[in-house]
Amino acid sequence: DAWLEDIVRNLEENAEAICLMEVLKDRLKEEETKEEEDDAYDEHVWLSLTNAMVCCKAINTCLKKLDPAHASVYEDNADTYIDKLESLDTEYRKMVEEAGKDVLLFGDRFPFLYLTTDYGLTYYAAFPGCSAETEASFETVRFLAEKVEELDLSCVLTVEGSDQKIASTIIGNTEKKDAGILVMDSMENTTPEEDVSYLDCMKKNLSVLKEALE
């Protein structure tokens, strides 16, 4: 996002930029797969309800500084929204505690590192979250297909917008070939026309996870 630096430099004097990666610097995690590691930090920090709480507090602090006359309004709104985040986080934790499995397998990019870390889930994936790759190697497909069989997984996950070719190939290389495909929403392709909120998307992901972990 280096191109944003020019925009930030030209902001009005009473405007302030917040780099949420900097806000979350103590919580950042390096991208990795189970076959190899990558030194780059995973930027999908918003796919964590606990990260979202931290970000809301930072934004609230900034708004109160810029507009002290309405500080109490910002504070009340932040408290209300954080309560909703905490409630949904509790639902996630309860679902994971009651789930039959604790492993996810993605036949796709994997932008959910922060989410799985929050809830102690194990994962396997074709690519790291920020990967631009679209073709998985034979070794990767075989590795993931073997994991589907070994762990008796009922589904392979993908992200929204995927053509699902890799997921289908993984399933086709299992003995039973009967695993389903489920889609999780990374919110990278969400448009205003969809009229959905962050909480809507995270609730939808909760439902998908519940089915994947049965």
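These legends walk through a predicted model of a protein, first as a whole and then in close-up.

**Figure 1. The whole chain, with its eight helices and six strands.**
Start with the overall picture. Going along the sequence, the elements come in the order α-α-β-β-α-α-β-α-β-α-β-α-β-α. The C-alpha atoms fit in a box of roughly 65 × 40 × 35 Å, taken along the principal axes. The protein has 214 residues, and 40% of them count as buried. Plenty of the contacts link distant parts of the sequence: among contacts with a separation of 6 or more, 67% are between residues 24 or more positions apart.

**Figure 2. The outside of the protein and its charges.**
About 12400 Å² of the protein is exposed, and carbon and sulfur atoms supply 48% of that area. As for charge, there are 50 negative side chains and 21 positive ones. The centres of those two sets lie 4 Å apart. By the rule used here, the protein has seven salt bridges, and three of them get their own views below.

**Figure 3. A nonpolar patch on the surface, built from Trp3, Leu4, Ile7, Val8 and Leu11.**
Here we're looking at residues from the beginning of the chain. Together, the five side chains of this patch have about 470 Å² of accessible area. Pick out Val8, which belongs to helix α1, residues 4–9. With a relative accessible area of 42%, Val8 is partly exposed. That value fits its place in the patch, because patch members need over 30% relative accessible area.

**Figure 4. Asp76, Asp79, Asp83 and Glu86, a patch of negative charge on the surface.**
This view swaps nonpolar side chains for acidic ones. Glu86 is one of the four residues that gather here, and you'll find Glu86 in helix α4. Its relative accessibility is 39%, so Glu86 counts as partly exposed.

**Figure 5. A salt bridge between Asp89 and Arg93 in helix α4.**
Stay on helix α4, which covers residues 71–98. The closest N and O atoms of Asp89 and Arg93 are 3.0 Å apart. Why are these two about one helical turn from each other? Because they sit four residues apart in the helix. The two partners differ in how they are covered: Asp89 is buried at 9% relative accessibility, while Arg93 is partly exposed at 33%.

**Figure 6. Lys94 and Glu98, another salt bridge in helix α4.**
The side chains of Lys94 and Glu98 meet with an N to O distance of 2.8 Å. Both residues lie in helix α4, four residues apart, which is about one turn of the helix. Is Glu98 buried or exposed? With 56% relative accessibility, Glu98 counts as exposed. Lys94, at 48%, counts as partly exposed.

**Figure 7. Lys147 and Glu150 paired in helix α6.**
Now move along to helix α6, residues 138–150. Lys147 and Glu150 form a salt bridge here, with their closest N and O atoms 3.3 Å apart. In sequence they are three residues apart, about one turn of the helix. Lys147 is the buried partner, with 15% relative accessibility; Glu150 is exposed, with 55%.

**Figure 8. Ser48, buried in a loop between a strand and a helix.**
The loop in this view runs between β2 (37–41) and α3 (49–66), and Ser48 is part of it. How much of Ser48 can be reached? Its relative accessible area is 1%, and because buried means under 20%, Ser48 falls in that class. Leaving out residues up to four places away in sequence, Ser48 touches Tyr114, Asp118 and Tyr198.

**Figure 9. Asp163, exposed in a loop.**
Our last stop is the loop between β5 (155–159) and α7 (165–172), where Asp163 lies. Asp163 has 55% relative accessibility, so it counts as exposed. Look for Asp108 as well: 55 residues separate Asp163 and Asp108 in sequence, yet from C-alpha to C-alpha they are 9.5 Å apart in space.

Methods:
Residues are numbered from 1 along each chain as its sequence is written. This is a predicted model: local features need pLDDT of at least 70, side-chain atom pairs count only at pLDDT 80 or more; totals for chains, interfaces and linings use all residues. Side-chain values use heavy atoms; hydrogens and water are left out. Buried means under 20% relative accessible area, exposed over 50%, partly exposed in between (1.4 Å probe, protein chains only). Contact means heavy atoms within 4.5 Å. Accessible areas come from the Shrake-Rupley method with a 1.4 Å probe; for residues, only the protein chains shown count as cover. Lys and Arg count as positive and Asp and Glu as negative; His and the chain ends are not counted. The place of a charge is taken as NZ of Lys, CZ of Arg, CG of Asp or CD of Glu. Patches are made of residues with over 30% relative accessible area and no salt bridge: like charges are joined within 9 Å, nonpolar side chains (Val, Leu, Ile, Met, Phe, Trp, Tyr) within 5 Å.
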